[in-house]
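Hi,

I have a structure to pass on to you, and I thought you might like some notes to read alongside it. Please have a look first, and then see below for what turned up.

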Amino acid sequence: MTARTALLLATLTLPGVAWAELGVSRVKPSEGRYVEVAGVYLVPHEVTIPGAEVTFRMEPIPGGQVMVTDPETGEVSEVILAPYWIGRTEVTWAEYWQYMNLCAVFERFDDAGVRQVTSKNRVDAITAPSKLYDTTFTYDSGEEPDLPAVSMTQYAAKQYTKWLSLLTGEFYRLPSEVEWEWAARAGESPTPTEANTWHEDNADYLTHPVGEKEPNAWGLCDTLGNVSEWVLDAHGAGPLADPDGPGGEPPVRWPTKLFPRVLKGGSAYLPIDESGVAVRRPSDDETWREYDPNVPKSPWWFAHDDAQDIGFRLVRPYAAPSRDRRNAYWDADVARIQKVADFRIDEEGRGERGLVDPDLPTAIQQHGR
Amino acid sequence: MAEQTQNSTRRGFLQQSAAVGSTVAVLSASPLAYGAHTGVDETLRVGLVGCGGRGRGAAIDALSADKNTKLVAVGDAFADRAASGLAAIEFDESVADRVTVDADHTFSGFDAFKKVIDADVDVILLATPPHFRPEHLAYAVEKGKHVFVEKPISVDMPGAESVASTCEIAAQKGLSIVSGLCWRYDLGVRETMRRIQEGAIGDLIAIESNYNSGTLWHRGDKPGWSRMEYQLRNWLYYTWLSGDIIAEQAIHSLDKTAWLMGDASPVKAMAMGGRQQRTDAKYGNVYDHFTVFYEYEAGPSVFFTCRQQDGCTTRVDETVHGTKGKAEILAHRVQPNNGSEWRYDGQKPSMYLNEHIEFFKSIRDGQPINNGHYMVNSTRIAHMGRMAAYGGKTLGWDEAVSSVERLGPEKYGWTDLPEPPVAVPGVEATA
């Protein structure tokens with residue numbers, strides 16, 4: 001054990017850190033992948049979204065020392081990653097619809113006068129995306145449930161992870177860039193090939209059902225292509241650190257403006273040589289909102305052909321930060337984003353605000369239909 | 001980590017020539033004195049009527065399209081909407097320094113449009129609910145303004161007739177009238193249309209046209225709102241304000257079918273429709289689905305559906321069947337029976353911005369654009385479909401366009417307007 005790894009394990013024992021139980025085995029699994037951490041075993045597991053017959057699968061990723069090259073300066077540094085789980089695939093439409101449909105659900109809650117958002121409980125509220133005005137910009141590849149969900153902004157993806165977390169009691173968030181890349185490399189830094197990548201020349205400019213291509217060594221599919229995936233980081237220079245967080249959090253280059261932010265992992269629209277694990281793609285919110293006819297333009301959706309290959313996958317850390325710290329991963333990090341979301345909801349009735357807790361599925365049964 | 005150039009080889013960046021302006025009808029070759037901005041680099045003063053989401057978008061598109069412009073006046077029926085609309089436009093950093101609207105030029109009330117038009121403006125953007133369009137357009141043209149006019153241009157046939165007359169006057173005056181039927185300004189759609197019209201799929205047999213989408217916004221109700229105010233703030237759900245979903249939203253699809261037909265008018269329509277999901281009283285009197293079979297004198301039939309229901313399959317596009325293949329318009333795909341599929345690979349700048357670029361250029365060049373013919377024809381086609389569905393009877397074109405039924409109250413004011421009934425086909429065809 002190196003000194004840095006010992007430090008990592010020491011930080012994992014800090015008070016205020018919540019330990020995940022789901023996907024943890026006390027006995028060494030006799031088969032399949034696992035990640036050993038301080039005498040327990042993190043294992044792959046399926047999660048069923050409460051209130052829906054929709055599942056997704058999470059794969060355990062080991063922590064450790066990771067060498068990172070600064071994209072601006074070329075400087076190499078070493079960071080410590082705590083162990084985590086990451087989605088085997090990109091989030092699908094079947095999963096995303098559960099969140100998307102909340103706009104109509106929260107509207108009906110408002111009609112019934114139940115579960116109202118107040119200044120006191122707003123910390124547990126999410127914003128649900130406005131209903132799709134014109135599906136042309138969203139479902140170009142189809143609306144089959146096993147296609148990756150696309151065209152959402154990073155803010156919408158983050159609100160999705162808030163919804164899923166408050167619904168399940170587990171802590172989900174977007175991956176940091178380093179976490180994403182570490183998981184995609186899977187210890188062997190795979191080269192994009194026809195067998196493992198949907199790219200410009202084999203995808204017919206369409207996204208494809210998740211999980212059709214060969215997984216990497218840690219069981220992850222579509223990291224190299226299909227859709228580009230949101231991570232937490234700003235694109236460009238900035239400190240790779242999270243000094244305010246409790247132990248066990250990933251190094252993040254936190255954004256201070258709307259864009260560019262980082263998207264990872266090639267896409268069905270990109271050539272195969274832009275699908276490598278190291279490639280970073282900058283977001284371009286202005287262009288990707290060009291076909292949104294209304295102002296202020298949607299904080300949840302991009303309306304442009306060029307954003308139909310933008311998706312994301314989930315991370316759940318083994319050691320999660322305290323509740324009040326979690327919002328930093330879920331909510332708008334730039335005031336302008338929240339201001340626009342509030343305007344759309346309060347002035348325009350486009351998009352809704354609503355409370356999320358484990359009782360939400362029952363409330364939907366009672367009032368939401 | 002390797003750097004990557006932004007979308008270096010993505011389809012949006014492949015070079016392909018696109019025929020800009022090829023489908024724009026130029027009716028007037030000899031503009032009169034009203035085309036006073038010809039070749040002049042003067043600042044064009046812009047006024048906005050209707051400060052909702054689309055009006056705000058149109059204002060920003062206008063200011064973005066021509067850098068020598070200023071937004072100088074705004075108006076809305078509601079003072080709060082005028083103020084918040086102006087704030088939202090100023091929130092856009094790229095145009096904020098050319099928004100010079102002071103409190104004296106922020107108008108509200110039903111006559112706000114007159115005050116905006118009279119505020120020494122050169123260009124007017126009309127983006128209120130469609131009901132008010134004919135009156136607003138007539139006044140703007142009477143006062144010699146160039147106009148961007150959102151779709152649809154009316155909610156009834158008398159309104160369409162009025163707009164047709166106004167557009168003729170605009171042509172005589174050399175004024176530009178650009179319609180919000182924005183797909184006409186989309187480079188991918190233009191190129192796809194051009195290929196079809198040049199015979200890539202032979203003669204047209206039939207067009208399947210769909211605007212099948214989800215439900216839209218609702219702004220709720222508040223104590224103290226008169227029923228007139230409630231209806232206006234939730235205008236989508238009232239036929240007298242929106243023309244129903246077939247005109248308000250699905251006109252984009254009907255306009256593309258009309259374009260394919262050379263902007264001819266159908267001879268008759270058989271239609272059905274109703275409301276299955278949005279049955280609550282809060283949704284006013286509009287339907288949530290229509291099916292219309294449009295028959296033309298010559299050429300293909302148009303099989304059209306539109307829907308605003310949640311949880312259902314969505315599709316917004318036209319499938320065009322020809323004797324030698326088929327095509328999809330918004331997907332920009334042309335598939336000949338014998339030959340390889342063509343897809344648009346050219347640039348895709350925003351059509352909303354592009355229509356303002358062409359609009360302002362037409363003013364600068366003294367080459368007025370007048371979209372009057374097709375915006376009136378496509379709006380009439382939408383109304384014909386609605387009337388055929390509401391009435392439950394096959395409807396001829398001549399009979400439809402000669403309808404004198406004017407929708408909405410005679411006088412506007414903050415009164416308790418009664419809720420209009422929902423049309424029951426064959427029984428009570430109330431619009």
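**Cysteines**

Cys103(A) is buried, with a relative accessible area of 2%. Do keep in mind throughout that this is a predicted model. The cysteine sulfur closest to that of Cys103(A) belongs to Cys312(B), and at 16 Å it is too far for a bond. Cys182(B) is another buried cysteine, at 1% relative accessibility. Its closest cysteine sulfur is in Cys306(B), 17 Å away, again too far for a bond. A disulfide would need the two sulfur atoms within 2.5 Å, and over all chains the structure holds zero disulfides.

**Where the chains meet**

How many residues does each chain bring to the contact? Chain A gives 54 and chain B gives 53. Between them they bury an area of about 4600 Å², with carbon and sulfur atoms giving 44% of it. On the chain A side, the residues that lose the most area to chain B are Tyr133(A), Tyr291(A) and Val295(A), which together make up 16% of what that side buries.

The polar side of the contact may interest you too. There are seven salt bridges between chain A and chain B. Glu348(A), for instance, forms a salt bridge with Arg219(B), and their closest N and O atoms are 3.1 Å apart. Counting residue pairs in polar contact, with both at pLDDT 80 or more, gives 23 between the two chains.

Several elements of chain A give two or more residues to the side that touches chain B, among them strand S7 (64-69), helix H3 (102-112) and helix H8 (335-348). Of these elements, H8(A) gives the most, with six residues. By type, the residues on that side of chain A divide into 22 nonpolar, seven polar and 25 charged.

**Backbone points in chain A**

Here are a few places to look at in the backbone. As you know, most residues other than glycine have a negative phi, and most peptide bonds are trans.

- Phe259(A) and Pro260(A) are joined by a cis peptide bond, with omega about 0°. Pro260(A) sits in the loop between strand S11 (228-234) and strand S12 (261-264).
- Val295(A) and Pro296(A) are also joined by a cis peptide bond, with omega about 0°. The loop that holds Pro296(A) runs between helix H6 (285-288) and strand S14 (310-311). You met Val295(A) above, in the list of residues that lose the most area to chain B.
- Ser151(A) is not a glycine, yet its phi is positive, at about 75°. Its place is the loop between strand S10 (125-128) and helix H4 (154-168), and Ser151(A) is buried, with a relative accessible area of 0%.
- Asp204(A) has a positive phi of about 60°, and it is not a glycine either. This residue lies in the loop between H5 and S11 of chain A and counts as partly exposed, at 45% relative accessibility.

**Two glutamates in chain B**

Is Glu150(B) buried or exposed? At 5% relative accessibility, Glu150(B) counts as buried. This glutamate is in the loop between strand S5 (146-149) and helix H5 (157-173) of chain B. Beyond its neighbours within four places in sequence, Glu150(B) is in contact with Arg54(B), Leu126(B), Ala127(B), Arg133(B) and Gly180(B).

Glu142(B), by contrast, is exposed, with a relative accessible area of 52%. Glu142(B) belongs to helix H4 (residues 133-142) of chain B. Its C-alpha atom is 37 Å from that of Leu330(B), 188 residues apart along the chain.

Best wishes

Note on methods: Residues numbered from 1 in each chain as written. Chains lettered and ligands numbered in written order. Predicted model: local features only at pLDDT ≥ 70, side-chain atom pairs only at ≥ 80, totals over all residues. Heavy atoms only, no water. Contact = heavy atoms within 4.5 Å. Buried area = accessible area lost by both parts, 1.4 Å probe. Salt bridge = Lys/Arg side-chain N within 4 Å of Asp/Glu carboxyl O. Polar contact = N/O pair within 3.5 Å; in protein donor to acceptor, adjacent residues only side chain to side chain. Helix = DSSP H or I, 4+ residues; strand = E, 2+ residues; numbered from the N terminus. Nonpolar A, V, L, I, M, F, W, Y, C, P; charged D, E, K, R; others polar. Buried < 20%, exposed > 50% of the residue type's maximum accessible area, 1.4 Å probe, protein only.
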